[in-house]
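User: I'm new to reading structures, and I'd like to learn how the labels are decided. Could we go through some together?

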Amino acid sequence: MVRISEDLIRRRAEHNNGEIFSLEEVSLHQQDIERIEHIHKWCRDLKILYLQNNLIPKIENVGRLKKLEYLNLALNNIEVIENLEGCESLQKLDLTVNFVGKLSSVESLKQNLHLRELYLVGNPCADFHGYRQYVVAVLPQLQWLDGKEIGRAERIQALQELDAVRGRVLEQEAEYLEKREKQKRSGLKETSATGEQEHPQINQSLTENQNRTHQNPESSSKTHTDVEDMEREFWEKPCAFTPESRLEAHRHLEDKRRAKEKEREKPKMKTPRTLITADRRVLNVNEPKLDFSLTEDENNCLLLDLHVYRHMDTSLLDVDVQPTYVRVTVKGKVFQLVLPAEVKPDNSTAQRSQTTGHLLLILPLAHGEIKTKKPTVRPASVTSNQNTKKETRAVPGRELLEVDPGLAGSLANIVPKGKESSHKPLQLSQPHQHCGVEERPVSKDFVDDPEVPPLM
């Protein structure tokens, strides 16, 4: 049962800055309210009050709302029109789709002199023969009834036939009240008892179905079918449209809603994911759906770059390196990758980037060979005195001849020993210049005196 509380009204008074003492309009529709209370104390200046689509069985605690002009009580469980004499400013009253069967209770609205509109469509009294004529004649201040304007001729005719119409209305009203009493005594008890038996069965079946879902899929599907059959039977079962049947349907829906909320609150039992099969085969798993890259560097190490969330705390990471695979748990979700070669878990390291948040795993290979650079090709030269090869740098634009080692001894006899070449190296005489001045030839009689400074 939902009660009208101060917090509820304040939440509905956001347009008035949460102030309820000066509130003039409030909407409390679709709140499953079962009683009108506290409004006449907290909201004395209220002019418009919406209470449609609730479970209110009686009009009460609104007599002190002297400024109330519009009261909407459509889609409730009201059976009698009462307790509205104090609403002096009431102009419009909406009681659409209720259970008003005592049509004579309309006469209590005679004291509401400002009442102009009244809606009673969808009530049992609206099916009475002479219903409209009776209401028009009893309430002379009324101008609109069920959305239709009341004409002058219609009012005069209704006043002329009031006595006869009142008699017929009272007879139909007595028949309805007798029928209603029988529904309360017999049919209501059977319906409520059946409902009390069905609700626990449906809720119990829902609970059993939820518990068996993870145990046996076949049994869970069978139980789900049974629940659907019981649900269909509940809604297709014929019953009278009464306040009790409406309450029963509401409670049925409320029980289902609570059962679903309990199921949501319970921790979901996930089926454990298979990481290693029965034949010891490791599977690749990426539950957190992270991007990654696996490369190999020059030091015979595998580099696994896992794109972990940037702002996630490192304490939520758990790394497990095995010789053939790597497993990283990210917030309870498993990332597992099979490695292309065996690695050394003891020598592996993990690093976390402070800028990107990525996790870098350095995994040294267990049986890898160090890759060396290819040596530079250098041609060998042969000397005439020794049969050894010396490596020389290759000069661009210069080609060297390759000599067979067997012919190295004959190369020494190309020039005969003891014979000197008649050709001497050429000597070129170039004039020496000093500071751009050509030197003069020195005379034979010239004596260099060290005490004499040189000429500039």
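User: Is Asp7 buried, partly exposed or exposed, and what makes it so?

Analyst: Good place to begin, and keep in mind that this is a predicted model. Asp7 has a relative accessible area of 49%. Buried means under 20% and exposed means over 50%, with partly exposed in between, so Asp7 is partly exposed. Arg11, at 48% relative accessibility, counts as partly exposed too.

User: How do you know that Asp7 and Arg11 meet in a salt bridge?

Analyst: Look at the distance between their side chains: it is 3.2 Å, N to O. The limit is 4 Å between a side-chain nitrogen of Lys or Arg and a carboxyl oxygen of Asp or Glu, so the pair of Asp7 and Arg11 qualifies. The two residues are four apart in helix α1 (residues 6-11), which means they are separated by about one helical turn. An α-helix has 3.6 residues a turn, so residues three or four places apart point the same way.

User: How many salt bridges does the structure hold?

Analyst: There are 14. Glu254, Arg257, Arg258 and Glu261 are linked in a network of them.

User: Why can the salt bridge of Glu154 and Arg132 be said to tie parts together?

Analyst: The closest N and O atoms first: their separation is 2.7 Å, within the 4 Å limit. Glu154 lies in helix α4 and Arg132 in helix α3, so the pair ties together parts that are 22 residues apart in sequence. Glu154 is partly exposed, with a relative accessible area of 28%, and Arg132 is partly exposed at 21%.

User: Why are α3 and α4 called roughly perpendicular?

Analyst: Two packed helices are described by the angle between their axes and the distance between the axes. For α3 (residues 131-138) and α4 (residues 152-160), the axes come within 8 Å and cross at roughly 95 degrees. Angles of 65 to 115 degrees count as roughly perpendicular, and the two helices therefore get that name. The contact is made by Arg132, Gln133, Val136 and Ala137 of α3 and Glu154, Arg155, Ala158 and Leu159 of α4. By class, that contact has four nonpolar, one polar and three charged residues.

User: What makes α3 largely enclosed by the rest of the structure?

Analyst: Count its buried residues: six of the eight are buried, so the helix is largely enclosed. They are Tyr131, Tyr134, Val135, Val136, Ala137 and Val138.

User: Which label, buried or partly exposed, fits Arg180, and which fits Glu244?

Analyst: Arg180 has a relative accessible area of 3%; since buried means under 20%, Arg180 is buried. Glu244, at 21%, is partly exposed. These residues form a salt bridge, with their closest N and O atoms 2.9 Å apart. Arg180 lies in helix α5 (residues 162-212) and Glu244 in helix α7 (residues 243-265), so this pair ties together parts that are 64 residues apart in sequence.

User: Why are β9 and β14 said to stand at the edges of their sheet?

Analyst: Follow the order of the four strands, β9-β10-β15-β14, in this open antiparallel sheet. β9 (292-296) and β14 (349-352) each have a single partner strand, so one side of each is left without a neighbour in the sheet. The twist averages 15 degrees from one strand to the next.

User: How do you know that β9 and β10 pair?

Analyst: Two strands pair if there are at least two bridges between them. β9 and β10 (residues 301-306) have five, in the antiparallel sense, so they pass. As an example, the bridge partner of Ser293 is Asp305 in β10.

User: Where is His358, and what makes it partly exposed?

Analyst: His358 sits in the loop between β14 and β15 (359-364). Its relative accessibility is 22%, and partly exposed runs between 20% and 50%, so that label applies to His358. Among the residues it touches are Asp305, His307 and Gln351. Arg310 is 48 residues away from His358 in sequence, while their C-alpha atoms are 7.0 Å apart in space.

Notes
Residues numbered from 1 in each chain as written. Predicted model: local features only at pLDDT ≥ 70, side-chain atom pairs only at ≥ 80, totals over all residues. Heavy atoms only, no water. Axes fitted to C-alpha atoms, helices over the stretch in contact; angles between N-to-C directions. Parallel < 35°, antiparallel > 145°, perpendicular 65-115°, else oblique. Contact = heavy atoms within 4.5 Å. Nonpolar A, V, L, I, M, F, W, Y, C, P; charged D, E, K, R; others polar. Buried < 20%, exposed > 50% of the residue type's maximum accessible area, 1.4 Å probe, protein only.
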